[in-house]
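Visitor: I'd like a close look at a single part of this structure: the place where the ligands sit. Could you walk me through that site and then through the parts of the chain around it?

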Amino acid sequence: MEKNLEDLKIVAEQWLNQGTEFVQQIPPNQLYAAVGVLLFTILFFFSIRLFRRTKSNTVLLSGLSGSGKTVLFYRLRDGSSHQGSVTSMEPNEGTFVLHTENTQKTKPVHLVDVPGHSRLRSKLEEYLPRAAAIVFIVDALEFLPNCRAASEYLYDILTNASVVKNKIPVLLCCNKTDKITAHTKEFIRKQMEKEIEKLRVSRSAVSTADIANDFTLGIEGEVFSFSHCLNKVTVAEASGLTGQTEQVQEFIREYVKP
Ligand SMILES: Nc1nc2c(ncn2[C@@H]2O[C@H](COP(=O)(O)OP(=O)(O)OP(=O)(O)O)[C@@H](O)[C@H]2O)c(=O)[nH]1
Ligand SMILES: [Mg+2]
């Protein structure tokens, strides 16, 4: 046993000597280069890990005033049907695990309910650069009178520089589908595409003077469709009031991963 250990020691020493000799033979330049490459690779993998860890978990709830953002916010947080009804004057934010999740595996979501009042819209721009995803809420009951205003708001979001550059996914959420008079998501999608097409034509006519919209939308020469957007736009139905929020939760979970 002891002899074996001695032999092993001798072999190890021989290897060590051979190793040092080999290193001494290499020109110093090559040695520095090799060490440099090694360090660079290690740093590179570390930075990738760091980047992954700091991936945003911010999801924005936006949409016109009265579309149901605040009700949906509390529904996702607590599962309760907190009555909205008063217009929000401040963004409502919170970091929590969606109330239906089992808390062990899932990453908490930083949810921000941005007021829809036109004077408070600028708040949205502060949050857009950090957003991982946007839920754009539309009132499916009172849709037609609000169609133009909602489309304009969505147009501004879809042409915002950070939304386009970061390809932030957008969920077009048709809310209040608990009432039978609510319009279907297909109808809402088509109407909004038509309205955005009109906006696109009228705004490109004044494009050189218009600096508010950073990017042009859709494919030139083709009628606008959400599928032309660089970022993914999906359509869903929900009711914050009665708690049918599965599609919204599914969307959030897709973009806020542990
Ligand atoms: N039927 C029905 N009504 C809803 C639903 N969600 C919200 N509402 C009603 O719509 C109204 C506005 O809801 P809020 O959540 O306050 O709207 P908001 O989007 O936060 O509005 P602002 O804060 O002004 O931007 C309230 O009277 C709610 O009761 C829903 O799913 N179904
Ligand atoms: Mg509100």
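Guide: Here is a tour that starts at the ligands and then moves out along the chain. Keep in mind that this is a predicted model.

Let's start with ligand 1. The shell around it holds 22 residues, and the closest are Ser 65, Lys 69, Thr 70, Gly 116 and Asp 178. If you sort that shell by residue type, you get 14 polar residues, four nonpolar and four charged. Which element gives the largest share of the shell? That's helix H3, residues 69-78, with three residues.

Now zoom in on some polar contacts. Asp 178 puts a polar side-chain atom 2.7 Å from a nitrogen atom of ligand 1. Val 71 works through its backbone instead: a polar atom there is 2.9 Å from an oxygen atom of the ligand. Then there's Lys 176, with a side-chain N or O atom 3.0 Å from an oxygen atom of ligand 1. As for cover, ligand 1 has 660 Å² of accessible area on its own, and the protein covers 89% of that.

Next up is the metal. Ligand 2 is a magnesium ion, and its protein donors are OG1 of Thr 70 and OG of Ser 88, at 1.9 to 2.0 Å. Thr 70 sits in helix H3, while Ser 88 is in the loop between H3 and strand E2 (92-96), so this pair ties together parts that are 18 residues apart in sequence. Both of these residues are buried. Thr 70 is also one of the closest residues to ligand 1, so keep an eye on that residue when you look at either ligand.

Follow the chain on from Ser 88 and you reach E2. What do its side chains do? They alternate: Asn 92, Gly 94 and Phe 96 point to one face and are buried, while Glu 93 and Thr 95 point to the other face and are not. That fits the usual picture, as side chains in a regular strand alternate between the two faces of the sheet. E2 has a partner, too: it runs antiparallel to strand E3 (residues 109-113), and five bridges join the two. To find your place in that pairing, look for Gly 94, which stands opposite Leu 111 in E3.

Back to Lys 176, which deserves a second look. You'll find this residue in the loop between E5 and helix H7 (185-205). Its phi is near 70°, a positive value in a residue other than glycine. Most residues other than glycine have a negative phi. Is Lys 176 buried, exposed or partly exposed? Its relative accessible area is 22%, and the cut-off for buried is under 20%, so Lys 176 counts as partly exposed. Another lysine with a positive phi is Lys 167, near 45°. Lys 167 lies in the loop between helix H6 (161-165) and strand E5 (170-175).

That brings us to E5 itself. All six of its six residues are buried. Val 170, Leu 172 and Cys 174 point one way and Leu 171, Cys 173 and Asn 175 the other way, and both sets are buried. So how does E5 pair? Strand E4 (residues 131-139) runs parallel to E5, with six bridges between them, and there Ile 137 has Cys 173 as its bridge partner. E5 also pairs with strand E6 (residues 233-237), again in the parallel sense, over five bridges. In that pairing, Leu 171 is matched with Thr 234.

Asn 175, in E5, also gives you a long-range pair to check: its C-alpha is 9.4 Å from that of Gln 244, although the two are 69 residues apart in sequence. Gln 244 is in the loop between E6 and helix H8 (246-255), and is partly exposed, with a relative accessible area of 40%. Another such pair involves Lys 194, in helix H7. Its C-alpha is 7.2 Å from that of Phe 224, 30 residues apart along the chain. Lys 194 is exposed, with a relative accessible area of 52%.

To put the site in its setting, step back to the whole chain. There are eight helices and six strands, and from the N terminus they run α-α-β-α-β-β-α-β-α-α-β-α-β-α. Of the 258 residues in the chain, 39% are buried.

Definitions and conventions
Residues are numbered from 1 along each chain as its sequence is written. Chains are lettered from A and ligands numbered from 1 in the order in which they are written. This is a predicted model: local features need pLDDT of at least 70, side-chain atom pairs count only at pLDDT 80 or more; totals for chains, interfaces and linings use all residues. Side-chain values use heavy atoms; hydrogens and water are left out. A residue is near a molecule or strand if one of its heavy atoms lies within 4 Å of it. A polar contact is a pair of N or O atoms within 3.5 Å; within protein, one must be able to donate a hydrogen and the other to accept it, and residues adjacent in sequence count only if both atoms are side-chain atoms. Accessible areas come from the Shrake-Rupley method with a 1.4 Å probe; for residues, only the protein chains shown count as cover. Helices (H or I, at least four residues) and strands (E, at least two) are DSSP runs, numbered from the N terminus. Ala, Val, Leu, Ile, Met, Phe, Trp, Tyr, Cys and Pro count as nonpolar, Asp, Glu, Lys and Arg as charged, and the others, Gly among them, as polar. Donors are N, O and S atoms within 2.8 Å of the metal (3.2 Å for Na, K and Ca); water is not among the atoms, so sites may look incomplete. Buried means under 20% relative accessible area, exposed over 50%, partly exposed in between (1.4 Å probe, protein chains only). Two strands pair if DSSP finds at least two bridges between them.
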